[in-house]
Amino acid sequence: MAARLAHDTPIYLTADVRAIETAAAQAPAPPQLMERAGLAAAEIAREAAGGTGKSVLVLAGPGNNGGDAFVVARHLKQWYFNVSVAFAGDAGKLSADASAALRAWRAAGGSVTDALPPGQDWGLVVDGLFGIGLERDVAGHHAQWVAAVNRLSLPVLALDVPSGLQSDTGAVMGCAIRATHTVTFIALKPGLLTLQGPDHCGDIHVRALGLDTRKLRPVRGFVIGPEVLDGVLPRRARNSHKGDYGSVGVIGGDYGMVGAALLAGRAALKLGSGRVYVGLLAGDAQLIDPGQPELMLRSADEVLKLGHLTCLAVGPGLGQMPDAAFYLDIALESPLPLVLDADALNLIAADARLAERLHARAAPSLLTPHPAEAARLLGTSTREVQGNRVGAATTLAARLGALVVLKGAGSVCAAPDGTWHINTTGNPGMASAGMGDVLTGVIAALLAQGAEPRSAFLAAVFLHGAAADHAVASGAGPVGLTATETIDAARSLLNRR
């Protein structure tokens, strides 16, 4: 599972991995990367297969991924596994390294077939059909092999990426192997961690193959790991009071959507803000939250006039009526850290003047769009956003001068300087109403307490997903998990750090 990955583990796009390989090949004594990759994968395969002597099916494709597979097969055979290799390629068209790996496999007594062997009791399948940089759909007999392996319901070790998964985007190119383990070489790739990657990779193992990637190529992408929580907030002094922990103002809650603002407010309160004011647009709303009477409910006008706020959050249940745009405009003038979600984002997408005011802000701005909201902000389609989540998030951050989290499986957090992180927590139970409102409140709480904006942003995104994972582990989902249940779980995890 990707959640075991350490914070700030580097992630590289395919072009960067290729550049690292090229730089390594130009060293005075270039490393034999294919041999190193094959041995690293074989060691994982040996454990995954469940013991020496088991039968292992190795799929070798037409490129260097196939070369890695031949090396894996050779080592497993030397360790007394019963290895069969199905080769979906042309030996005459292999690269020099892959051709050498095939010759070494044959020299070790191995053979290849061009069809999947029938009727075997396999202990493991090693997937070496296609690696990084796949740009066309898997089709024909390759697709038939993928479907056959997925029907076997066996342990599958994918080499570098599961065949059919686009390594930069996480998109499935026609069809893809569903692996139980993926050993990825040199560095993580974003497609393993976002969009459909998490559903296809299983447990992820990173093997750098002896390369110092940071010296060979600057890194722009990173993992958000559990260590992000360690220093986000200082330990509380015994001699303190509520004023020491900030005051959050939440603006939203128009007619029929008051609950969204209350969820954000409850999250801000339970994640440590000393005081939380919820400014409601609905004129007939009850000015008390019976489920959380500590919240101070007022009109949006009153909250925006408070002089002691330390953070503003605008958007949960805001709506898109003229009053909503008016209050958003006021918030954009504020010198406070500003969290924007939901209809605040839709209003900005529809009004270039608001977008310009957002970009011009001197104070930190933090945006939490889901893919459809991001598409509106970018003037494109949800499909295009999902087709390149890292690209969409980094473009939005640069265009609006804000920290942006593109929510979804493997949420992508991007900064205006072009760096980005991918979150590794969360589960399908979060596909329910109100989850985004809770995230807004969590971010606002950390900001209000004085956390550095980028640290607060990354910590909140990680904590939000981890809280959902904690709730599911406790039996509260994923089916039927509610946003309210994640708030207490997030508080518990924050207090454990």
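## A pocket, two helices and two cores

The second largest pocket is lined by 30 residues, and R18, E21, N64, N65 and D68 are the ones nearest its centre. Welcome to this predicted model, in which local features need pLDDT of at least 70 and side-chain atom pairs count only at pLDDT 80 or more, while totals for chains, interfaces and linings use all residues. Residues are numbered from 1 along each chain as its sequence is written, and side-chain values use heavy atoms, with hydrogens and water left out.

**The pocket**

- A pocket here is an open set of points on a 1 Å grid over the protein atoms alone, where a 1.4 Å probe fits, with protein on both sides within 12 Å along at least five of seven lines; lining residues have an atom within 4 Å of a point.
- The volume of the second largest pocket is about 590 Å³, taken as the space filled by probe spheres set on the points.
- Its lining draws at least two residues from each of α1 (14-25), α2 and α3, with α1 giving the most, five residues.
- By class, this lining has 16 nonpolar (Ala, Val, Leu, Ile, Met, Phe, Trp, Tyr, Cys and Pro), eight charged (Asp, Glu, Lys and Arg) and six polar residues (the others, Gly among them).

**Helix α3**

- Helices are DSSP runs (H or I, at least four residues), numbered from the N terminus.
- Helix α3 covers residues 64-78, and its end C-alpha atoms are 21 Å apart, in agreement with the 21 Å expected for 15 residues (1.5 Å times one less than the number of residues).
- Because 12 of its 15 residues are buried, α3 is largely enclosed by the rest of the structure; buried means under 20% relative accessible area (1.4 Å probe, protein chains only).
- Among the buried residues of α3 are N65, D68, F70 and R74.
- Y80, which follows α3, has a positive phi, near 70°.

**Helix α15**

- In helix α15 (residues 389-400), the end C-alpha atoms are 17 Å apart, which agrees with the 16 Å that its 12 residues should span.
- Nine of the 12 residues of α15 are buried, so this helix too is largely enclosed by the rest of the structure; R389, T394 and L400 are among them.
- After α15 comes G401, with a positive phi near 60°.

**Nonpolar cores**

- The largest nonpolar core (buried Ala, Val, Leu, Ile, Met, Phe, Trp, Tyr and Cys residues joined through side-chain atoms within 4.5 Å) has 100 residues, and F70 and L159 are among those with the most contacts inside it.
- Helix α2 (residues 33-49) supplies the largest share of this core, 10 residues.
- A second, separate core of 60 residues includes C311, M435, L463 and L481.

Definitions and conventions: Buried means under 20% relative accessible area, exposed over 50%, partly exposed in between (1.4 Å probe, protein chains only).
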